[in-house]
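Student: Could you walk me through this one, a bit at a time?
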Amino acid sequence: MSVQLLLDGVNRSFDGFKAINDLSLTVEKGELRAIIGPNGAGKTTMMDIITGKTRPDTGKVLWNQSVDLTRSDEAGTARLGIGRKFQKPTVFETQTVEDNIALSLKEDRSVWATLFYRRSAEDSARIAELLALVKLDHVAGWMAGDLSHGQKQWLEIGMLLAQDPELLLVDEPAAGMTDAETMRTAELLRQIAGKHTVIVVEHDMDFVRALGCRVTVLHQGHVLAEGSLDHVSANEQVIEVYLGR
Amino acid sequence: MLSLIDRRMGIFLAGLFVLTVAVPVGNLALDGQPVPSYIVALLGKYLCYALLAVALDLVWGYCGILSLGHGAFFALGGYAMGMHLMREIGPRGVYANPLLPDFMVFLNWDSLPWYWLGFDMFGFALLMALAVPGLLAFVFGWFAFRSRVTGVYLSIITQAMTYALMLAFFRNEMGFGGYNGLTDFKDVLGFSLQADTTRAGLFVLSALALAAGLLVAKAITSSKLGKVLIAIRDAESRTRFIGYRVEEYKLFVFVVSAMMAGLAGALYVPQVGIINPGEFSPANSIGIVIWVALGGRGTLVGAAMGAIIVGFAQTLFTSWFPELWLFALGGLFVFVTIFLPQGVLGLIESRLGRKPPPAPAPEEASA
Amino acid sequence: MRLLPRLILSIALLLWAPFVLAQSLEELVAALPEGSYDDRAAVIAQIAATGDDRALKVLEVLLAGDLEQLDSNSRIVEIYGQGRDDFARDILTGEDYGEVPSRGSSKVRVNNSLRRDIRTAIGTMTLRHPDPARRLAAAQSAFRSPDPEQAELLAEAAAAEADPEVARALAEALAVVTLAGDGAAEAKIAAISVMRDRGDTEARTVLSSALDNGDPQVAAAAEEAVRHIEQMQRLWGMAQNVWFGLSLGSVLLLAAIGLAITFGVMGVINMAHGELVMLGAYTTFAVQEAIRSSFPALFDWSLLIAAPLAFLVAGGIGVAIERGVVRFLYGRPLETLLATWGISLMLQQLVRSIFGPNNREVGNPSFMSGAFELGQMTVTWNRLWILVFALAVFAVLLFVLKKTPIGLQMRAVTQNRAMAANMGIRTGWVDAMTFGLGAGIAGLAGVALSQIDNVSPNLGQSYIVDSFMVVVFGGAGNIWGTLAGAFSLGIANKFLEPWTGAVLAKILVLVFIILFIQKRPRGLFAVRGRAVDA
């Protein structure tokens, strides 16, 4: 296995507040990794830095051991193969479910190619396959805005998969889901891992347990502990941070 | 091409076609001239406004860019055509200077400024009527979109852009006729601008340009690129994370729209016979927005209808109750934004039981 | 040195005044036409010695050649023209004798030598006049038309002068005279240093004539002084530009600060803001009309009466706009922009229908009129008061936002509407008050602008783009940013103007802001951090 993503000594502060403090993290190719931490631990900022939304003040962010992600913008990192799912599901509400997937398909993203794009049979098949995978094939013609909250989460995951990314960054996928939906989502993510690298940020401990993967605990923008869920749960510092002093 | 003509586009184009045939026939061929010449000029003017409205709808309705400076692109197109018409006057001006327009002689200039060269050729002027607004939109958009100026901030700086241009064109030193602008045109391509046949011809050209503008805009918005534009309008940052360079798309549609506005301006000037810096005034540009909002943003056809409706209303009001026009226009702004978010077209279509056009989502809160 | 004997004579006569005064001014004047020129010189000296203000008048008229004796009644009169005819009035009593027939009077004759005497006598009288203002005027007139013969007179007067301002003016007049004459190099160098200290354009003109002096030392001193003056003038020119800039900045601040609240604090684009400013100006006009017709004595208080009224009128309309329109459009900033634009059109037409389309005359109360000199720059009182007013409004606003309960509620609603509502704050009421506050301040701005701008229905339109530029440049959501934005844009504008002209300066500033926003989309004093990025 080789290193997919490497963060080394990353710092970022906002108006004197250190959101990320000497953060170092390594994720292997095909790995499923859960990142947990209390509010303000820097989880979202870390995702912003990986996807090029926020530039770190100092530190290295390397993709596939060669590409410097700090020089790339959001579209650039997406084109490299990093997909991101937001905490609050964001889909294109005034377009159909099918178009949402079609827009996300891995295609040439340049203006001219998009202007003169014609959908091939291959693309149609791929869209149908993805719609079936996220169980939205029966509502393919609906406006995405008319979907339920859980369906929007699934649609967003479908859009993520349509990009065929090497790395998926998933922010609190279980938020607002029923228990059954949560478990199904965990199962889906486990399925995806291996073929794709997946980083999940989550609060819900049951969900993290269901993922059954390596866990990184963030606290004040720094890695506090890393290992299996049972291992980090036993860590004194982690208990202190989570349960309070 | 036919696939672009949906029901609402079909009805509108059919109506436009009837008008394009009936108006010149009524003006030129029938006895007693049932369509007086001033009506031809007036309708031609509205068609230019309609094309301008379509241009704005392309960026605002589909991409969420509320430009309060589209009047600037329109005026620049108009000035390009006006410069050609000035050169066509030739030695027939008051000062009978074969090369210099009257206002330059009046300012004691002894040679034509370099940027007036080439405008004696109609083709060059027409090219400039498209290229200059396009270039301004490119430069402005390249700066603005790259640094992610969006929402009301973008609206405010587009307004500042047209305001700065207005101040600039008011200056005599700019060489565009200063406060008075360009006027006293004689003819275009050898046809007298006073002749009914020329006016009818310009009217038909305006109608064709509007139809072409609508179809181009429809082609763009129906393509995958159109879907990306709507995606940007509704969820800009999601679109970025999927891998689309939002600034490139915005720039593309902004430039196309500016060129369309420039074409509208170029057709407008020979029909009204004057272009002056007042066309750059911020109030004019905001006026365009209400046409689009009234007709129904994001519908193209609605925008064109809105321009024609407001144009008619303005003509009627200013001749019957000039005092009341600003109350009516002001009230229209308030009424449409609060009670008619889908515009007239949305209202008609929902009354007729058709599916309303997808409502544009509220802008991402001023971010 | 012909001057000396006469000077001695006049001074002697001055000293002897008590004795000479045996003869009254009337008798002396009556005696003027008689005798030889020498006799007349003696009489003139005696007239000067009376120290009477009327004597000065007599001498001035005599010098001008308008002093004549009427044949009819032998009175000494001043002849003054009215159309083609000559009229006469008594030089001492001012009694008018009406038209004089063309040979009905004879001139009191003077020759060149007498004219010099008269000039000296006038100089002596005015330079030693008991009223310091008269002495100052005399010294300044001697500065403007230097007469080398007055050098000693000036020196004497300067030595005796107690008032510092007059003493300086005398020294300066003396310096000009010295430079114009052919005295010693040391005296000239001293004179140059006096001119150097004066430091204005006139001093430079005087010095530049000394540049080609034969004496290299004098020439060098003059050159150095000219350089010094030019440098001082550059500094004062800069100070004047800063002042103009501050003045423009204060106007921008007034126009923009209400907008900073509605746009910066509430995130609402109020395109009718300029019209609220206009309403404030019309309120001032209406107040002044009422005062003119009913209580003219209160005119100087008109602005103080108009200010609270303008605040209430504009603020009330602001609350009405918020409750009637804006509150239906929260979260849709672009729609708010369009709706408030519609309101601005209606307000413009309303004012046009009521007050007519033309400019309305709003008067300046006495404390706002005129100007004063500060060093080498001129400061008009109305601009100064507007600057003070703008800063006062800013301070009060700051106080309201930071220290009062309503300010606290405003900030709470701005930061987290839902949370504020849960804590029992009536968010609707706070919105209306915030909008009303911004509108009321626009009304106050209108009171100030009525003093320097045309009050017409278009008043607001001319400020709307500028005030948005200020808010955007300063950074929305931060009224300190608005302060900095207003003054820096005002000063930038005024520093560009001498180079480019007013219109181009404005265009350049606009282009600069457009480029600046690309670099810092959230303005000079952006509220940065994750909350905004998210």
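Tutor: We will take a chain contact, a helix pair, one helix and one residue in turn, keeping in mind that this is a predicted model.

Student: Okay, chains B and C first: how many residues does each put into the contact?
Tutor: Chain B contributes 41 residues to the contact, and chain C contributes 37 residues.

Student: Which helices of chain B supply residues there?
Tutor: On the side of chain B that touches chain C, at least two residues each come from helix 5 (122-146), helix 6 (151-170), helix 11 (282-295) and helix 13 (325-339) of chain B. The largest share belongs to helix 6 of chain B, with 14 residues.

Student: And what is that side made of, nonpolar, polar or charged residues?
Tutor: The residues of chain B on the side that touches chain C divide into 29 nonpolar, eight polar and four charged.

Student: Staying in chain B, at what angle do helix 8 and helix 10 pack?
Tutor: Helix 8 (residues 224-234) and helix 10 (residues 246-272) of chain B pack at an angle of about 110°, and their axes are 10 Å apart. Because angles of 65 to 115 degrees count as roughly perpendicular, helix 8 of chain B is described as roughly perpendicular to helix 10 of chain B. The crossing of these two helices of chain B is left-handed.

Student: Which residues make that contact?
Tutor: From helix 8 of chain B come Leu225(B), Val228(B), Leu229(B) and Ile232(B), while helix 10 of chain B provides Val246(B), Tyr249(B), Lys250(B) and Val253(B). They divide into seven nonpolar, no polar and one charged.

Student: Switching to chain C, what does helix 10 pack against?
Tutor: The buried residues of helix 10 of chain C pack against helix 9 (164-180), helix 11 (201-210) and helix 12 (216-265) of chain C. Those buried residues include Ala191(C), Ile192(C), Val194(C) and Met195(C), and also Lys188(C) and Arg196(C). Helix 10 of chain C, residues 185-198, reaches 20 Å from its first C-alpha to its last, close to the 20 Å expected for its 14 residues. Just after this helix of chain C, Gly199(C) takes a positive phi of about 70°.

Student: Last one, Leu56(C): why does it count as partly exposed?
Tutor: Leu56(C) has 19 C-beta neighbours inside 10 Å, and a residue is called buried only if there are 20 or more, so Leu56(C) counts as partly exposed.

Student: Where does it sit, and what does it touch?
Tutor: Leu56(C) lies in helix 5 (residues 53-64) of chain C, and, leaving aside residues up to four places away in sequence, Leu56(C) touches Ile122(C), Met125(C) and Thr126(C). The C-alpha atoms of Leu56(C) and Ile118(C) are separated by 9.8 Å, although these residues are 62 residues apart along the chain.

Key: Residues are numbered from 1 along each chain as its sequence is written. Chains are lettered from A and ligands numbered from 1 in the order in which they are written. This is a predicted model: local features need pLDDT of at least 70, side-chain atom pairs count only at pLDDT 80 or more; totals for chains, interfaces and linings use all residues. Helices (H or I, at least four residues) and strands (E, at least two) are DSSP runs, numbered from the N terminus. The expected span of a helix is 1.5 Å times one less than its number of residues. A residue is buried if 20 or more other C-beta atoms lie within 10 Å of its own, exposed if 12 or fewer, and partly exposed in between; C-beta atoms are placed from the backbone. Two residues are in contact if their C-beta atoms, placed from the backbone, lie within 7 Å. Ala, Val, Leu, Ile, Met, Phe, Trp, Tyr, Cys and Pro count as nonpolar, Asp, Glu, Lys and Arg as charged, and the others, Gly among them, as polar. Axes are lines fitted to C-alpha atoms, for helices over the stretch in contact, and angles run from 0 to 180 degrees between N-to-C directions. Angles under 35 degrees count as roughly parallel, over 145 as roughly antiparallel, 65 to 115 as roughly perpendicular and the rest as oblique. A crossing is left-handed if the near helix is turned anticlockwise from the far one by less than a right angle, and right-handed if clockwise.
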